[in-house]
Every structure is written in structure tokens, then in C-alpha cells.
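User: Hey, I have a structure to look at and no idea where to start. Can you walk me through it?

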Amino acid sequence: FRRVLFRSIACEIAARAVPDGYTLLLGVIGTMSVQPNLTAKLPYDPVRDFAPVSLLSESPYVFALSNTVNARSVKELIALAKAKPRGINFASSGVGSSPHLCGELFNTAAGVDMVHVPYKGAGVATTDILSGQIQMFCSGLTALNALIKAGRMRPIGMATLKRSSLMPDIPTINEQGLKDFEVTSWTGIVAPAKTPRAIVQKLYDALARITQTDDMKQFVQQQGADMALLGPEAFAAEIKNDIAKWGKLVKAAKIAPE
């Protein structure tokens, strides 16, 4: 809750800043596309109040199972979930969090009914998955990378449209039959609305140069993400599409706005 609150405050401050190109916001999918669907009175509008500059990176989400679960692929997990309705639990770091929405999206796409179990943080959720109390966790690869490599959790699919360069051996959920299934955590730069087009373009050109350097590529990969540069218009479209996508899921899953 605190993290969401602080991010909302940062967004509000950036939205009200002078549109001169000197105040920028590192926007993330949670505050720009998910939170607008979960908060009744958000102090900013991600479309109206900002001028998108550039998408910078995408961090893939991975579906990981407890080693106690008798499934080694998406197809086997779906079969198990259908054979045991509401018999499979999936963890999240809280109601409305990306892991929660990831699991609900899987429920909808696969036609299953796995039970959501919210935790106060990813650390506690991970502990219960390792012990077998929880069967599945959909989370950013960065958070689960070490446990997966140590063989303490079983990855069954990346929630991306193409395989991640970070773990190319893990097949995507898309290629395992759930077409267009995608959940990523992205970051990007936005400026206050009414920032002159010339300034936005200048900022984008600078970011495009920086993101092509080896140092920046290495830094992004160390954060468990892939570089994903998009220009102002394409990034604006991405934000709008994600707002619609998660808004539809929030309604379908009957997640009440706060």
C-alpha cells in the first residue's frame, strides 16, 4: 500500500510540474495502466496529464510452480486445475497487484478457477510456495530468478509473446496454446502534459542514444529486464491499450476499486 501511495504522490507532483522538459517521471505499468482501474479517485490521469516520451524496458513475468505440483507445462497445469476446480492456489503480493492480475488473466484465458491468495509481500508468498502451501506464483523474473536457477521452483512458462533473452529455455505461455497471453512490467519516461513537441522529441532522441550503449544494456539486463524502446506515439498507444486491457480484466474478476 505504501509503495502505491508514494508512486501516486510522485505521479501527482510530476503531472502538476511546469511542462518545460526539466521535470520527468519514470512511469511504470502499475501507476500508468493498472492503478487507474483500481482507484476510484486517483489524483492524476495517465492519459490527460502526461506526454509520453519513451518506453524504456520490459521485465518479463514467469509462471512458477511449487515442486510439489505434478505439472511441468501450461497444458498440464490447466488439466490439473480443471480436474480439481478451486483446488489450485496462486499467490500475489496483494489485491490488484501485477501477480494477482496475472493469475486472474490465466484463469480467464485458460477457463479455469484457481484461487487467489493475497500476501502482504512477495517474500512471504515465496516461502509458502517453497513449502508447498501455495501451488503457483506469477511474478517478475527478477524476483524468482535465483530460486528457479537453484531448482527450488519450477518455471513452466514466460508470460511474453516471445522468449526472453534472460531465460530463453523457458517456453512462452503463448506458444503453449494460450494465444496472445502477455504480462510484463514496463518502465518508461513521461513528461507533464503540454510539454512542447520539440522538447519531447529532443528527450526521446537522447534516450534512444543512451539506451544503445553497452553500459545501459548491461544495466537493464542486471535488473532482469529487456530493452524495449518505443517512441512518443507508440508509447502513448501502449499506455492506452494497457489501461483498457487491465480495466476489462478488473471488471471480469470483480476486483472492486478502492
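Analyst: Sure, we can go through strands, a disulfide, aromatic rings and helices in turn.

User: Before that, what kind of model is this?

Analyst: This is a predicted model, where local features need pLDDT of at least 70, side-chain atom pairs count only at pLDDT 80 or more, and totals for chains, interfaces and linings use all residues. Residues are numbered from 1 along each chain as its sequence is written, and side-chain values use heavy atoms, with hydrogens and water left out.

User: Ok, strand 5. Is it buried or exposed?

Analyst: Strand 5 covers residues 136-140, and 5 of the 5 are buried, so this strand is largely enclosed by the rest of the structure. Buried means under 20% relative accessible area, exposed means over 50%, and partly exposed is in between (1.4 Å probe, protein chains only). Helices (H or I, at least four residues) and strands (E, at least two) are DSSP runs, numbered from the N terminus.

User: Which way does strand 2 run next to strand 5?

Analyst: Strand 2 (residues 50-66) and strand 5 run antiparallel, joined by 5 bridges. Two strands pair if DSSP finds at least two bridges between them. In this pairing, leucine 65 stands opposite methionine 136 of strand 5.

User: And what about strand 3?

Analyst: Strand 3 (residues 89-92) runs parallel to strand 5, with 2 bridges joining them. Here alanine 91 stands opposite phenylalanine 137 in strand 5.

User: What does serine 139 touch?

Analyst: Serine 139 lies in strand 5 and counts as buried at 7% relative accessibility. Leaving aside neighbours within four places in sequence, serine 139 is in contact with Pro60, Tyr61, Val62 and Leu144. Contact means heavy atoms within 4.5 Å.

User: New topic. How many disulfides are there?

Analyst: The structure holds 1 disulfide. Cysteine 102 and cysteine 138 form it, with their sulfur atoms 1.9 Å apart. The rule for a disulfide is a pair of cysteine sulfur atoms within 2.5 Å.

User: Where do those two cysteines, 102 and 138, lie?

Analyst: Cysteine 102 lies in helix 4 and cysteine 138 in strand 5, so the pair ties together parts that are 36 residues apart in sequence. Both cysteine 102 and cysteine 138 are buried. The link is right-handed, with 65° about the S-S bond.

User: What about cysteine 11, buried or exposed?

Analyst: Cysteine 11 is buried, at a relative accessible area of 2%.

User: Now the rings. How many aromatic pairs are there?

Analyst: The count comes to 5 aromatic pairs. Rings of Phe, Tyr and Trp (its six-membered ring) pair if their centres lie within 6.5 Å; planes under 30 degrees apart count as stacked, over 60 as edge-to-face and the rest as tilted. One of them is tyrosine 44 with phenylalanine 50: the centres are 6.2 Å apart and the planes at 70°, so that pair is edge-to-face. Both tyrosine 44 and phenylalanine 50 are buried.

User: What about phenylalanine 63 and phenylalanine 106?

Analyst: Their pair is tilted, at 5.1 Å centre to centre and 45° between the planes. Phenylalanine 63 is in strand 2 and phenylalanine 106 in helix 4 (residues 98-110), so the pair ties together parts that are 43 residues apart in sequence. Phenylalanine 63 is buried with a relative accessible area of 0%, and phenylalanine 106 also counts as buried at 0%. Phe63, Phe106 and Phe181 form one aromatic cluster.

User: Last bit: helix 9. What does its buried side look like?

Analyst: In helix 9 (residues 232-252), the buried residues include Phe235, Ile239, Ile243 and Trp246. Seen down the helix axis, its buried residues fall within an arc of 165°, so they line one face of helix 9. The arc is that of the directions from the helix axis to the C-beta atoms.

User: What do those buried residues of helix 9 pack against?

Analyst: They pack against helix 2 (29-34), strand 2, helix 4, strand 7 (184-192), helix 7 (197-210) and strand 8 (226-230).

User: Which residues are exposed on the other side of helix 9?

Analyst: Those are Glu233, Asn241, Ala244, Lys248, Lys251 and Ala252. Just after helix 9 comes lysine 254, whose phi is positive, near 55°.

How values were computed:
Expected span 1.5 Å × (residues − 1).
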